[in-house]
Amino acid sequence: MNGGDEGAESAAQASPPQPLEWKFSQVFGERTAGEEVQEVDIISAIEFDKTGDHLATGDRGGRVVLFERTDAKDHGGSRRDLERMDYSTSRHPEFRYKTEFQSHEPEFDYLKSLEIEEKINKIRWCQTANGALFLLSTNDKTIKFWKVQEKKVKKIADMNVDPSKAVGNGNVASSSNNVSPKPYLANGGSPSKEFSFPPGGIPSLRLPTVVTSNETSLVARCRRVYAHAHDYHINSISNNSDGETFISADDLRINLWNLEISNQSFNIVDVKPANMEDLTEVITSAEFHPTHCNMLAYSSSKGSIRLIDLRQSALCDSHAILFEEQEAPGSRSFFTEIIASISDIKFAKDGRHILSRDYMTLKLWDINMDSGPVATFQVHEYLRPKLCDLYENDSIFDKFECCLSGDGLRVATGSYSNLFRVFGCAPGSTEATTLEASKNPMRRQVQTPSRPSRSLSSITRVVRRAGSDVPGVDTNGNSFDFTTKLLHLAWHPTENSIACAAANSLYMYYA
């Protein structure tokens with residue numbers, strides 16, 4: 001019997017998982033029909049924390065908005081609550097608005113006559129401590145370390161006077177004990193301007209007392225500011241698994257910081273040539289390995305990924321491993337280098353694989369195999385005839401993010417017309433789903449089988465979706481809109497749940 005069980009188990013492992021059926025969960029900041037979107041409200045960053053219980057978004061107005069999970073909170077108590085907790089394991093994640101704060105303000109660099117916009121480029125969660133949440137946020141130039149904590153509201157009571165009562169010698173001393181609309185003033189506010197001392201003064205003065213009420217309020221406090229370390233725009237920040245350090249990357253340099261020290265950083269990668277005319281590629285994204293504190297990867301505008309080991313030298317200009325795909329002979333064109341530029345890289349949770357997104361494709365790389373990607377997923381192949389138009393309207397420079405599921409079996413990325421794609425990357429999987437960021441994600445879904453271009457038994461495979469060759473029409477036969485693009489999305493770390501941003505709206509889906 002045991003042998004039969006083992007055989008069934010191995011057969012189950014060999015067969016790829018079934019494609020997921022995605023359903024709408026929630027939307028925050030939904031637009032009404034015809035409502036104009038304010039530029040400052042457009043979401044520019046999304047990030048789940050490691051537990052998946054908190055979600056942060058940043059926008060072009062420099063604000064960070066935090067959401068917290070409500071369906072799996074351990075409140076204990078009544079039997080009904082406990083039953084709900086048992087049920088919550090099979091429910092999808094639900095979030096509610098927690099708080100928001102202004103992270104960055106617009107600035108002006110007088111030395112370079114340069115405006116620094118407040119837009120949040122990246123958010124990264126740090127380790128929690130003493131019930132407080134910590135996170136890093138960055139705009140083009142300045143990184144900030146935030147602490148968000150619940151604090152009990154302190155109020156001042158036992159005032160000598162009650163401004164809501166008529167003041168007289170007889171009742172001044174006892175007036176603070178009377179029930180009135182304003183028995184105390186919150187946060188030490190002063191009495192109303194109409195107040196005047198009674199004739200003859202106040203017979204007895206008492207020191208007001210500070211009372212800690214049962215009310216709590218969330219307070220966001222900027223603990224540290226890491227500034228003046230980047231000449232070019234910061235495109236990435238990433239926490240180290242050691243919990244003490246993080247990196248920040250711009251076009252030409254990667255700096256290593258200690259969270260506790262804001263006035264100095266170490267430059268660990270510098271690709272700036274002695275003569276800027278010799279510059280051929282720039283850094284586009286960088287991320288620490290999820291478990292090895294000495295390893296990090298960064299991508300370039302030439303479509304390559306470099307894995308570096310901090311133990312090798314202080315300045316890691318020489319990489320440990322280079323990942324790049326060889327160009328097919330005769331395929332070079334004016335757009336080749338532009339569309340090869342990697343806009344985002346992400347490590348899988350186990351640290352074995354790296355997911356990269358360029359303009360046309362998603363690629364999955366095995367860090368133990370530098371000969372080429374283990375899988376390539378076509379995202380924008382149907383746009384190849386339109387590259388000239390995309391170059392004219394600058395859409396070809398759009399930077400789409402990518403993400404992996406916590407179990408490493410699926411990958412996702414955004415596209416135009418507020419669409420996003422989910423691909424299965426388990427061996428033998430042909431899952432390739434297109435969804436729309438709306439309350440009906442399957443509205444524009446047409447089941448088109450994925451057509452593998454090579455044998456799935458080979459170590460390297462390419463998953464393609466059948467698409468239309470008609471210009472202006474996407475893979476499902478719908479016209480596409482370059483003005484609505486889904487650039488930012490994040491996968492819940494432990495469940496099949498995706499959060500994605502369509503302009504100023506945050507949509508959440510589960511499967």
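Is Cys293 buried, partly exposed or exposed? In this predicted model, Cys293 has a relative accessible area of 37% and is therefore partly exposed. Cys425, by contrast, counts as buried, with a relative accessibility of 9%. A search for disulfides across the whole structure returned zero.

Salt bridges, on the other hand, are present, and the structure holds 24 of them. Three of these pairs are described below with their positions along the chain and their accessibility.

One salt bridge joins the side chains of Asp231 and Lys112, with an N to O distance of 3.7 Å. The two residues lie in distant parts of the chain, 119 residues apart. Asp231 is placed in the loop between strand 12 (209-226) and strand 13 (236-239), whereas Lys112 occupies the loop between strand 6 (107-109) and strand 7 (114-116). Both ends of this bridge are partly exposed: the relative accessible area of Asp231 is 42%, and the relative accessibility of Lys112 is 44%. Asp231 and Lys112 also belong to a network of salt bridges in which they are linked with Arg253 and Asp270.

A second salt bridge is formed by Glu260 and Arg224, whose closest N and O atoms are 3.0 Å apart. This pair likewise links distant parts of the chain, with the two positions 36 residues apart. Glu260 is found in the loop between strand 15 (253-258) and strand 16 (261-270), while Arg224 is part of strand 12. The accessibility of the two partners falls into separate classes. Glu260 has a relative accessible area of 55% and is exposed, because this value is over 50%. Arg224 has a relative accessibility of 16% and counts as buried, because this value is under 20%.

A third salt bridge connects Arg352 with Asp366, and here the closest N and O atoms are 2.8 Å apart. Arg352 sits in the loop between strand 21 (344-347) and strand 22 (353-357), and Asp366 belongs to strand 23, which comprises residues 361-366. The two residues are 14 residues apart, and the pair links distant parts of the chain. Arg352 is partly exposed at 36% relative accessibility, whereas Asp366 is buried at 9%.

In each of these three pairs, a residue placed in a loop takes part: Asp231 and Lys112 are both in loops, Glu260 pairs from a loop with Arg224 in a strand, and Arg352 pairs from a loop with Asp366 in a strand.

Key
Residues are numbered from 1 along each chain as its sequence is written. This is a predicted model: local features need pLDDT of at least 70, side-chain atom pairs count only at pLDDT 80 or more; totals for chains, interfaces and linings use all residues. Side-chain values use heavy atoms; hydrogens and water are left out. A salt bridge is a side-chain nitrogen of Lys or Arg within 4 Å of a carboxyl oxygen of Asp or Glu. Helices (H or I, at least four residues) and strands (E, at least two) are DSSP runs, numbered from the N terminus. Buried means under 20% relative accessible area, exposed over 50%, partly exposed in between (1.4 Å probe, protein chains only). A disulfide is a pair of cysteine sulfur atoms within 2.5 Å.
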